[in-house]
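Please open the model in your viewer with the secondary structure displayed, and keep the selection panel at hand for the stops that follow.

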Amino acid sequence: RHGEDTLAVKLYREGNAVVSAFSNRADGLTAEDAAHVFERFYTADKMRTGQSTGLGLAIAKEIVELHGGSIRAESESESITFTVRLPVG
């Protein structure tokens with residue numbers, strides 16, 4: 001729905017991992033932007049509000065990896081999905 005903020009959250013188990021996927025609108029975000037969102041200080045020009053340091057997702061990635069998990073971002077059809085996979089127990 002154009003112009004509306006939409007958020008979808010999924011939580012499920014996949015083998016020995018818990019997977020959490022968060023999708024949100026991201027108008028103008030490209031696949032190239034999604035490939036770089038975890039780099040320190042990276043901000044996509046179209047997303048910049050003047051207040052972002054570009055550190056939040058880099059820190060999130062570090063925390064997830066320190067817990068033995070993985071995080072990825074995919075951009076598709078004016079939305080971005082972050083998928084976090086963490087080992088069980």
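The tour goes from the whole chain to its paired strands.

Because this is a predicted model, local features need pLDDT of at least 70 and side-chain atom pairs count only at pLDDT 80 or more, whereas totals for chains, interfaces and linings use all residues. Residues are numbered from 1 along each chain as its sequence is written, and side-chain values use heavy atoms, with hydrogens and water left out.

Begin with the whole protein, coloured by secondary structure: there are two helices and four strands, taken as DSSP runs (H or I over at least four residues for helices, E over at least two for strands) and numbered from the N terminus. Read from the N terminus, the elements follow the order β-β-α-α-β-β. Of the 89 residues, 27% are buried, that is, under 20% relative accessible area with a 1.4 Å probe and protein chains only.

Next, select strand S1 (residues 7-14) together with strand S2 (residues 17-25), an antiparallel pair joined by eight bridges; strands pair here if DSSP finds at least two bridges between them. Within this pair, Leu 7 faces Asn 24 of S2 across the strands. Moving to the turn, you find two residues between S1 and S2, which form a hairpin, and Gly 15 there has a positive phi of about 65°.

Finally, keep S2 selected and add strand S4 (residues 79-87), which runs antiparallel to S2 and is joined to it by nine bridges. In this pairing, Phe 22 stands opposite Phe 82 of S4.

Notes:
Buried means under 20% relative accessible area, exposed over 50%, partly exposed in between (1.4 Å probe, protein chains only).
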